[in-house]
Amino acid sequence: MDVYVRGGDSIWYFSQLFKIPLQLINDSNRNINPQILSIGQLIQIPGYVVTNYQIRPGDSIWSIAQNRNLPLDAILLVNPGLSTNRLQIGQTISVPLRVTWRLVNGKQNYDYDTMRNDIRRLQTVYPFLQVSSIGKTVLDREIPEVLIGNGDKRVHFNGSFHANEWITTPITMTFLNDYLLSLTNQNTIRGIETSPLYTQTTLSIVPMVNPDGVNLVINGPPANEPWSSRVIEWNNGSSDFSGWKANIRGVDLNDQFPAKWDLERARNPKTPGPRDYGGESPLSEPEAIAMADLTRRRDFARVLAFHTQGEVIYWGFEDLEPPETEVLAMEFSRVSGYEPIQTIESYAGYKDWFIQDWRRPGFTIELGTGTNPLPLTQFDEIYEESLGIFLSALYL
Ligand SMILES: [Zn+2]
């Protein structure tokens, strides 16, 4: 919601008036100096939208404010120049409305455009989010990253490395939305205060690492050649892509990282296909390169890669993980009911590479059980299981 500064207004005053933490308003207006406001300047207030209200007989500004549990000045602020003692019946005024509902609807076929639209809507209501592109896919789609928080502890979540595990995208987007709701409305989540998380951590989320693959699974092959023919050929002639994990070039992005890549290559297919082909060399695919570049740039303290399925938490790689990794894995297990597993015979994954190169905690978390793509009927259950993991990844 936008407001225009009047004489005597300050960010502190807006924070009191709208009951929104000062830090969130400051971070929603990064391009201005909060100490020097000028009259007429536009300030964004997070966690509110403006609605229209048509004046009815008997209304006054006072009664409208009171009915909405708003201070009178909150209404005056969004109606500059309104003469309050001359309201006309039928006249439309603006009324601020605190956002207490989710903007993200995770229970739908959550393709790339759905995610993009949801990120845009979240960014409008919560301008303290920082959204940028980490790179482009083979089909030229921007891969968005969302940053939230101010802290030194940098935590990273990602979803949909694997195309037919796309439910991990709406799960992480829903967590993002609930975190935002909790911050602006100052509610706890599972008894946990989130404002300290905001000041102590910076959370990086890449909700969809593999947009081309996700859209292939949800919407079918792209219209343009050569891709539309190629993917059907690589899918053994089938137009059912429910088993597809790879990117649009038939490369499994979670077999692309330089962490014993040769060993993974040796036991996997040597040609493009729905899954497990690691490419001709590590980091050959733009989506994997974008993730590697991001990880090098951000200096994450820990990373969590969300996959489906199995209800397990993989937390080790070649005994290179630091001791605190096990503590985290046990807590993730406790809050989710998932089984912690240190290692399996698997290499070249994102978390493997992170553990190997940084010697910091990295996790692959397999949400839910069943056959991929997991049905949306499991959404609520999976969200309940993963919510504790999201939170403890930030507070521990
Ligand atoms: Zn996976």
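Along the chain, the donors of the zinc ion follow the spacing H-x2-E-x141-H, where donors are N, O and S atoms within 2.8 Å of the metal (3.2 Å for Na, K and Ca), and water is not among the atoms, so sites may look incomplete. The model is predicted, so that local features need pLDDT of at least 70 and side-chain atom pairs count only at pLDDT 80 or more, while totals for chains, interfaces and linings use all residues. Residues are numbered from 1 along each chain as its sequence is written, and side-chain values use heavy atoms, with hydrogens and water left out.

The protein donors are His 162 (ND1), Glu 165 (OE), Glu 165 (OE) and His 307 (ND1), which lie 2.1 to 2.5 Å from the zinc ion. The angles among the four donor atoms run from 56 to 146°, and the site is irregular, since four donors count as tetrahedral only if all angles lie between 85 and 135 degrees, and as square planar if opposite donors are over 155 degrees apart and all others between 65 and 115.

Two of these residues are listed below with their burial, where buried means under 20% relative accessible area, exposed over 50%, and partly exposed in between (1.4 Å probe, protein chains only).

| Residue | Relative accessible area |
|---|---|
| His 162 | 6%, buried |
| Glu 165 | 3%, buried |

Turning to the whole chain, buried residues make up 55% of its 396 residues, and the C-alpha atoms fill a box of roughly 80 × 50 × 35 Å, taken along the principal axes. Among contacts (heavy atoms within 4.5 Å) between residues at least 6 apart in sequence, 77% join residues at least 24 apart.

Note on methods
Tetrahedral: all angles 85-135°; square planar, octahedral: opposite > 155°, others 65-115°.
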